[in-house]
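Visitor: I would like a close look at one part of this protein, taken slowly. Please start from the inside and then show what lies around it.

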Amino acid sequence: MAALPTDSGWWPAAGARFFCTAGRGLEPFLMREVRARLAATQVEYISGKVFFTTCSDLNMLKKLKSAERLFLLIKKQFPLNVSSVSKGKIFNEMQRLVNDDPESWLSAISIWKNLLELDAKEDKLSQRDANPLKRKVEENDIINPKKLKTKQMQELQESRECQLEKQMEEATVEQGDFLTNREKSQEAFQNDVVKAVAAPNQKDLTFRVSCRCSGSMAKTFTAQEVGRVIGIALKKQFGWKADLRNPNLEIFIHLNDIYSVVGIPVFRVPLASRAYIKTAGLRSTIAWAMASLAEIKAGALVLDPMCGLGTILLEAAKEWPDVYYVGADVSDSQLLGACDNLKAAGLQDKIELLKVSVIELPLPSESVDIIISDIPFGKKFKLGKDIKNILQEMERVLHVGGTIVLLLSEDHHRRLQDCEPGGIPRNSKGSHTDEPGIEKCLNPGGKTDLSDTVSSSAETGGQGDLDKMPPFGSLVPVDHYRVSLGRTGAFICRYRKSPSSGR
């Protein structure tokens with residue numbers, strides 16, 4: 001893990017406090033990820049958000065895959081009381097979020113500025129290392145004609161390659177690839193912020209406030225009202241200037257019946273917006289969570305027999321490259337979209353695409369190590385009892401001890417539970433749908449560590465259920481997670497193939 005220097009005085013010895021927004025049900029995945037990837041401590045969550053402390057730099061923070069957006073935490077506290085007080089008093093309470101502790105605001109902005117400065121320095125160093133200066137030929141050097149001709153040929157080849165790269169870049173821009181624009185936007189954003197905050201007079205800093213209200217707060221106030229009140233408090237306290245279009249600094253505030261959270265977005269572009277995915281299919285955070293649950297090892301053969309646009313395989317191949325991936329689908333349009341995504345991500349040599357039916361896979365029995373798939377559902381897809389045939393074919397090609405991770409609709413999940421007499425019952429230990437008390441998250445000084453609570457409830461699967469009857473043949477349910485897909489809910493389910501068929 002790349003850690004930030006602590007001898008400059010601006011970085012707390014214990015690290016800085018961040019939080020990420022996450023899709024409902026993905027909090028356990030994000031908690032595991034920040035621990036593993038960032039060596040994070042004090043990891044805790046409230047619905048839709050994960051809080052943690054880390055010394056990691058921006059390069060490491062950018063790698064989070066199960067998060068929607070990343071914020072540097074300014075403050076987190078219990079909710080504002082809107083039940084029995086007037087609007088004016090509530091506005092005063094909102095302003096106290098700024099006025100009661102201005103030092104926490106200045107400290108967070110100082111840490112944020114230095115994060116961006118360090119990231120900019122690392123980018124310059126990496127660019128310098130990637131483009132070393134060529135050694136010039138001095139007058140007293142002895143030039144070998146054969147070497148000179150070879151050098152001229154190399155320079156000609158480099159010139160041709162540069163022209164080809166330029167053409168490819170122009171073609172990429174025409175195809176709508178936004179990676180370059182995204183990086184330029186973030187770089188310009190970082191430069192503007194560093195200059196503004198580093199200036200002797202920080203009144204040159206521009207800002208805007210983004211608000212989200214839910215619960216009774218949303219019934220009492222609009223996001224615009226809250227933004228206006230907080231904005232006025234910031235202008236009076238720090239002398240900053242409001243800029244709604246292109247500010248140096250964005251302040252994010254979420255007020256609801258459970259908590260009040262204030263933070264600074266670390267990146268302009270959400271982490272969930274993958275630069276390497278040209279055409280979005282399944283939500284990238286869901287796809288990564290499914291791949292992470294499969295416990296992919298180097299050298300494995302991973303199959304998505306209903307790959308669609310290939311999002312799951314893309315997320316897996318980016319994270320675990322030393323693996324052989326195969327995607328299958330019956331739709332020409334989906335396979336063409338998947339092919340475009342593979343080219344945009346530069347993963348053509350990692351993933352093979354096949355046009356075949358999920359119930360007639362041209363693969364030998366027990367030839368696949370891992371299967372990960374989003375089982376289609378909705379009005380366009382009426383699988384009904386075909387879900388059984390699909391699972392039976394998956395079971396056939398999976399070797400003993402292999403893993404299947406599926407995204408199932410609530411109806412498909414219910415059908416599978418109905419089909420498995422000894423399967424995991426709803427709300428059992430294998431179902432990760434419960435949340436710990438919110439007070440533990442908002443009271444970090446309490447005796448009970450929320451991370452321990454979540455670890456026990458959200459990270460220990462239903463191992464006792466392995467001894468129960470499998471749903472089809474030898475597929476044994478391991479655990480499942482209820483997740484949100486926006487307006488609809490779904491389940492990420494994991495199965496393992498046992499030695500005995502059970503048929």
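Which residues of the largest nonpolar core touch the most other members?

Guide: This is a predicted model, and what follows describes that model. In the largest nonpolar core, which has 57 residues, Phe 52, Met 94, Leu 234 and Ile 251 touch the most other members. Helix α4, residues 102-130, supplies the largest share of this core, seven residues. A second core, separate from this one, has 36 residues, among them Val 302, Ala 316, Ala 317 and Tyr 481.

Take Ile 251 to begin with. Leaving aside residues up to four places away in sequence, Ile 251 touches Ile 74, Trp 105, Arg 208, Val 209, Ser 210, Leu 234, Val 262, Gly 263 and Ile 264. Leu 234 appears in that list and is also one of the four residues with the most contacts to other core members. Trp 105 falls within the residue range of α4, 102-130, and Ile 74 within that of strand β4, 69-77.

Leu 234 leads on to helix α8, which covers residues 223-238 and also holds Val 226. Val 226 counts as buried because its relative accessible area is 1%, under the 20% cut-off. Apart from residues up to four places away in sequence, Val 226 touches Met 94, Cys 211, Cys 213, Phe 221 and Leu 255. Met 94 is another of the four residues named at the start. Val 226 also sits 8.8 Å from Ile 253, C-alpha to C-alpha, with their positions 27 residues apart in sequence counted as separation.

Phe 52 leads to the strands. Its number lies in β3, residues 49-54, which runs antiparallel to β2, residues 41-46, with four bridges joining the two. Ile 46 has Lys 49 of β3 as its bridge partner. The two strands make a hairpin with two residues between them, and Gly 48 in the turn has a positive phi of about 90°.

Both strands belong to an open sheet of eight strands with mixed pairing, in the order β2-β3-β1-β4-β8-β7-β5-β6. At its edges are β2 and β6 (241-242), each of which pairs on one side only. Further in, β1 (residues 16-21) pairs with β4 in the antiparallel sense over four bridges, and Thr 21 stands opposite Arg 69 in β4.

Arg 69 also borders an enclosed space. The structure holds two cavities of 30 Å³ or more, and the second largest contains about 30 Å³ of space. Its lining consists of Arg 69, Leu 70, Val 266, Phe 267, Val 269, Pro 270 and Leu 271.

Now to the second core, through Tyr 481, one of its residues. Tyr 481 falls in strand β15, whose range is 475-484. Eight of the ten residues of β15 are buried, so the strand is largely enclosed by the rest of the structure. β15 pairs with β16 in the antiparallel sense over nine bridges, and Asp 479 has Arg 494 of β16 as its bridge partner. These two strands also form a hairpin, with four residues between them, and Gly 486 in the turn has a positive phi of about 95°.

β15 and β16 are among the elements that cover the buried residues of helix α9; the others include α1 (27-38), α10 (311-319), β12 (368-374) and β13 (398-409). Helix α9 covers residues 284-293 and is largely enclosed by the rest of the structure, because nine of its ten residues are buried. The buried ones are Ser 284, Thr 285, Ile 286, Ala 287, Trp 288, Ala 289, Met 290, Ala 291 and Leu 293. After the helix comes Glu 295, whose phi is positive, near 55°.

One more buried position is Leu 335, found in helix α11, residues 332-345. Its relative accessible area is 11%. Leu 335 touches Cys 307, Gly 308, Asp 329, Leu 353, Leu 354 and Lys 355, with residues up to four places away in sequence not counted. The C-alpha atoms of Leu 335 and Gly 310 are separated by 8.1 Å, while the two residues are 25 apart along the chain.

For the chain as a whole, 48% of the 503 residues count as buried, and the secondary structure comes to 15 helices and 16 strands. Of the contacts between residues at least 6 apart in sequence, 77% join residues at least 24 apart.

Methods
Residues are numbered from 1 along each chain as its sequence is written. This is a predicted model: local features need pLDDT of at least 70, side-chain atom pairs count only at pLDDT 80 or more; totals for chains, interfaces and linings use all residues. Side-chain values use heavy atoms; hydrogens and water are left out. Buried means under 20% relative accessible area, exposed over 50%, partly exposed in between (1.4 Å probe, protein chains only). Contact means heavy atoms within 4.5 Å. Two strands pair if DSSP finds at least two bridges between them. A nonpolar core is a set of buried Ala, Val, Leu, Ile, Met, Phe, Trp, Tyr and Cys residues joined through side-chain atoms within 4.5 Å. On a 1 Å grid over the protein atoms alone, a cavity is a set of points where a 1.4 Å probe fits but cannot get out, and a pocket is an open set with protein on both sides within 12 Å along at least five of seven lines; lining residues have an atom within 4 Å of a point. Grid points are joined across faces, edges and corners, and a volume is the space filled by probe spheres set on the points.
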